[in-house]
Amino acid sequence: GTVSAMRWVADDRITALGIWASYPPDTTDIESMEGWPSLLLTGSEDRISTQTFIDRWERFPEPTFKGVVDGMNHYDWTDDASATDLAKDGVSLRPLEESRPDAWRVIDSWLDAVLLDDDGAQARLDEGGFPGIEEVD
């Protein structure tokens, strides 16, 4: 996510940014991306505090969707985390077969809205209320 955000700012061919369980360095000029869509998601049980993500995400201009997936930890986003990685993470509070589909619904809607210019998908994002997702203002 860190490198993706840096590339997004530096390369105008990258028209949108989706990152999970990450945020850009303070030196990345995210504020200059007004009008470029972004999707920011993290898990509620990430080893980095949820408030840290929210604080770092405040720099993102609109349009952006920010959300916290209930019960997910940092490595729930991956399929093959090592035992060492898992030992450094928060404890998952929900099975992946519940938390990942919650995240996928938001990701799918965002991709459809951004890449396909789908008005229905954009309406879902605007309305919010995705199961298992706490939206962040």
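This passage walks through the sheet, the helices and the nonpolar cores of a predicted model.

A good place to start is the sheet. Four strands make up an open sheet, lined up in the order S1-S2-S3-S4, and the pairing is mixed. Out at the edges sit S1 and strand S4 (133-135), each of which pairs on one side only. From one strand to the next, the twist averages 20°. As general background, strands of a sheet pair through backbone hydrogen bonds, and they do so either parallel or antiparallel. Both kinds turn up here. S1 and S2 run parallel and are joined by four bridges, with Gly 18 standing opposite Leu 39 in S2. S3 and S4, on the other hand, run antiparallel and are joined by three bridges. There, Gly 67 stands opposite Glu 135 in S4.

Strand S1 (residues 17-20) shows two faces: Leu 17 and Ile 19 lie on the covered one, while Gly 18 and Trp 20 lie on the uncovered one. That fits a general pattern, in which the side chains of a regular strand alternate between the two faces of the sheet.

Next come the helices. H4 lies across S1, S2, S3 and S4, and runs at about 175° to S2. H4 also has a helical partner, H5. A pair of packed helices is generally described by the angle between the axes and the distance between them. For H4 and H5, the axes come within 7 Å and cross at roughly 130°, so the two helices are oblique to each other. The crossing of H4 past H5 is left-handed. Where the two meet, H4 brings Val 106, Ser 109, Trp 110, Asp 112 and Ala 113, and H5 brings Ala 121, Gln 122, Arg 124 and Leu 125.

Ser 109 deserves a second look. This H4 residue counts as buried because its relative accessibility is 5%, and the cut-off for buried is under 20%. Beyond its neighbours within four places in sequence, Ser 109 is in contact with Ala 121, Arg 124, Leu 125 and Phe 130.

What do the sheet and these helices enclose between them in the way of nonpolar residues? The largest nonpolar core has 15 residues, and those with the most contacts inside it are Leu 39, Leu 41, Phe 65, Val 106, Leu 125, Phe 130 and Ile 133. At least two residues of this core come from each of strand S2 (38-43), strand S3 (64-69), helix H4 (96-115) and helix H5 (119-127). H4 gives the most, with five residues. Phe 65 gives a view of how this core is knitted together. Setting aside residues up to four places away in sequence, Phe 65 touches Ser 38, Leu 39, Leu 40, Leu 41, Val 106, Leu 125, Phe 130, Ile 133 and Glu 135. A second, separate core has 14 residues, including Tyr 23, Met 33, Trp 57 and Val 136. In soluble globular proteins, nonpolar side chains do tend to be buried together.

Last comes Gly 43, found in strand S2. Gly 43 counts as buried because its relative accessibility is 0%. Leaving out neighbours within four places in sequence, Gly 43 is in contact with Thr 50, Val 68, Val 69, Met 72 and Trp 77. Gly 43 and Trp 77 are 34 residues apart along the chain, with 8.8 Å separating their C-alpha atoms.

Key:
Residues are numbered from 1 along each chain as its sequence is written. This is a predicted model: local features need pLDDT of at least 70, side-chain atom pairs count only at pLDDT 80 or more; totals for chains, interfaces and linings use all residues. Side-chain values use heavy atoms; hydrogens and water are left out. A nonpolar core is a set of buried Ala, Val, Leu, Ile, Met, Phe, Trp, Tyr and Cys residues joined through side-chain atoms within 4.5 Å. Buried means under 20% relative accessible area, exposed over 50%, partly exposed in between (1.4 Å probe, protein chains only). Contact means heavy atoms within 4.5 Å. Two strands pair if DSSP finds at least two bridges between them. Axes are lines fitted to C-alpha atoms, for helices over the stretch in contact, and angles run from 0 to 180 degrees between N-to-C directions. Angles under 35 degrees count as roughly parallel, over 145 as roughly antiparallel, 65 to 115 as roughly perpendicular and the rest as oblique. A crossing is left-handed if the near helix is turned anticlockwise from the far one by less than a right angle, and right-handed if clockwise.
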